[in-house]
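Subject: Structure for you to look at

Dear colleague,

I am handing over the structure we spoke about, and below it I set out what was found. Please read the notes with the model open beside you.

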Amino acid sequence: MANAKAKADADPDAPKPWLRKPGRDATERAERAPVKTAEVVSIDGPGIEVRGLTFSYPGLDGSPLAGTTPLIRDMRLRLAPGTCTLLLGANGAGKTTLLKILAGKHLVPRERVLVLGREAFYDTGLTSSGDLSFIGGNWQRDVAFAGYNIPLAGDFPASRMLDSIPGVDPARKQRIIEVLDVDVNWRMHKVSDGQRRRVQLAWGLMLPYKVLLLDEITVDLDVLGRAELMSFLRSECIERQVTIVYATHIFDGLESFMSHVAFVANGELKFCKKFEDIEGLKDREPGSLLATVEGWLREEYVLQRERKALEKKEKKDFQFNRNNGWAAGRTTSTVTFGPTLDQTRNHTGIAGSSNAVMRN
Ligand SMILES: Nc1ncnc2c1ncn2[C@@H]1O[C@H](COP(=O)(O)OP(=O)(O)OP(=O)(O)O)[C@@H](O)[C@H]1O
């Protein structure tokens with residue numbers, strides 16, 4: 001056997017059954033299928049439309065925290081069916097926030113964000129019908145007495161999750177299970193992070209969505225898993241004319257996948273362009289995405305340092321923030337009492353409280 005393997009290794013044309021088939025198939029398919037951005041964007045009606053959106057995370061009273069600038073400012077974006085858009089930006093630029101807004105998870109004014117011509121936050125039918133699918137960073141849930149953001153686990157098989165979705169086409173289900181190489185007998189309390197991610201992705205892709213929002217979903221997939229998934233998503237985009245937006249910091253292999261790139265920085269959409277119209281990317285050279293994005297991020301970093309230096313000059317007074325007992329990182333985890341509010345609402349006691357932190 002060892003001899004036969006050595007012989008086959010030496011002969012490039014000999015069959016090599018020990019190599020995983022999905023990875024080779026993915027590469028071959030990616031090479032065969034041309035990227036058809038010019039044709040696909042001509043379809044009527046946008047999949048996603050953002051019309052002058054400004055957004056801040058709210059404080060406890062529902063209004064933005066005093067003295068903070070909006071996280072997203074006057075954003076305008078139109079993405080047609082059949083487009084795969086890579087959403088890029090530095091850490092904290094607002095990519096996840098934007099995706100969550102598009103997914104209808106944050107309250108925004110009705111007319112500002114439309115998905116398939118429908119109001120993202122108000123039209124719950126968008127997600128319940130499966131037309132809109134959002135697959136976020138980690139598959140987590142809040143468990144009483146255990147904590148927030150606990151990885152989804154339990155002594156049940158992956159099939160329990162995958163069979164729980166009503167109205168699934170069995171052929172599509174089979175294809176997705178194969179693409180993601182999911183073993184439906186995996187016990188969810190024993191899976192690795194990457195295996196859990198595969199089940200999460202299979203679950204999120206199961207219904208034939210029209211708009212798909214992906215937030216850093218390939219972070220713990222192996223190289224073959226990622227290649228297979230990207231190839232599948234690209235074929236969905238071309239064959240079913242869906243709209244895909246994908247936020248990530250992992251760029252390898254994405255040159256052949258995307259039709260558009262949107263770059264956000266400091267709360268603004270700097271641009272959203274076709275791949276072909278971007279200097280450095282239009283030839284889709286492997287590795288070109290990483291080099292080009294690094295340049296944009298470095299430029300943005302310099303600008304940000306200058307902005308911060310300016311802000312330091314106009315130094316503000318301290319404010320006292322009180323932790324109100326909500327988990328850190330949640331929308332309403334702190335409440336700010338600036339000097340004016342202190343006077344009008346008589347909250348001066350907070351300054352001396354052990355539950356107060358100073359911020360400037
Ligand atoms: N629930 C929340 N409540 C208040 N502020 C938040 C909340 N979630 C995120 N933020 C703030 O919004 C800003 C943008 O966060 P967001 O997660 O959208 O960035 P991102 O571009 O996805 O970053 P990364 O690349 O690190 O994932 C950050 O400064 C973050 O602190």
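I begin with helix α4, which covers residues 95-102 and in which Lys 95, Leu 98, Leu 99, Ile 101 and Leu 102 are buried. When one looks down the axis of α4, these buried residues fall within an arc of 160°, so they line one face of the helix. Just after α4 comes Gly 104, which takes a positive phi of about 80°. Please keep in mind throughout that this is a predicted model.

Lys 95 also belongs to the surroundings of the ligand, where 12 residues are found and where Tyr 57, Asn 91, Lys 95, Thr 96 and Thr 97 come nearest. By character, the residues of this shell divide into seven polar, three nonpolar and two charged.

The next element is strand β10, residues 243-247, which is mostly covered, since five of its five residues are buried. In a regular strand the side chains alternate between the two faces of the sheet. In β10, Thr 243, Val 245 and Ala 247 point one way, while Ile 244 and Tyr 246 point the other way, and all of them are buried.

β10 has pairing partners that can be followed residue by residue. Strand β3, residues 84-88, runs parallel to β10 and is joined to it by four bridges, with Thr 85 standing opposite Val 245. Strand β9, residues 211-215, also pairs with β10 in the parallel sense, here over five bridges, and Asp 215 stands opposite Ala 247. Together with helix α9, residues 223-240, the strands β9 and β10 make a right-handed β-α-β unit.

A further sheet is open and is formed by four strands in the order β2-β1-β4-β5, with antiparallel pairing. Its edges are taken by β2 (72-79) and β5 (118-119), each of which has a single partner strand, so one side of each is left without a neighbour in the sheet. Within this sheet, three bridges join β1, residues 48-55, to β4, residues 113-115, and these two strands run antiparallel; Val 50 of β1 stands opposite Val 113 of β4.

Which residues other than glycine have a positive phi? Asp 181 is one of them, with phi near 50°, and Asn 266 is another, with a positive phi of about 50°. Asp 181 has its place in the loop between α7 (170-179) and α8 (193-205), and this residue is partly exposed, with 19 other C-beta atoms within 10 Å. Asn 266 is found in the loop between β11 (260-265) and β12 (268-274), and it too is partly exposed, with 17 other C-beta atoms within 10 Å.

Last comes helix α10, residues 288-313, whose 26 residues reach 39 Å from the first C-alpha to the last, which is close to the 38 Å expected at 1.5 Å a residue. Is α10 mostly buried, or does it lie in the open? Of its 26 residues the number buried is two, so α10 lies largely in the open, whereas in β10 five of five residues are buried.

With best wishes

Terms used. Residues are numbered from 1 along each chain as its sequence is written. This is a predicted model: local features need pLDDT of at least 70, side-chain atom pairs count only at pLDDT 80 or more; totals for chains, interfaces and linings use all residues. A residue is near a molecule or strand if its C-beta atom, placed from the backbone, lies within 6 Å of it. Ala, Val, Leu, Ile, Met, Phe, Trp, Tyr, Cys and Pro count as nonpolar, Asp, Glu, Lys and Arg as charged, and the others, Gly among them, as polar. A residue is buried if 20 or more other C-beta atoms lie within 10 Å of its own, exposed if 12 or fewer, and partly exposed in between; C-beta atoms are placed from the backbone. Two strands pair if DSSP finds at least two bridges between them. A crossover is right-handed if, with the strands pointing away from the viewer, the path from the first strand over the helix to the second runs clockwise. The arc is that of the directions from the helix axis to the C-beta atoms. The expected span of a helix is 1.5 Å times one less than its number of residues.
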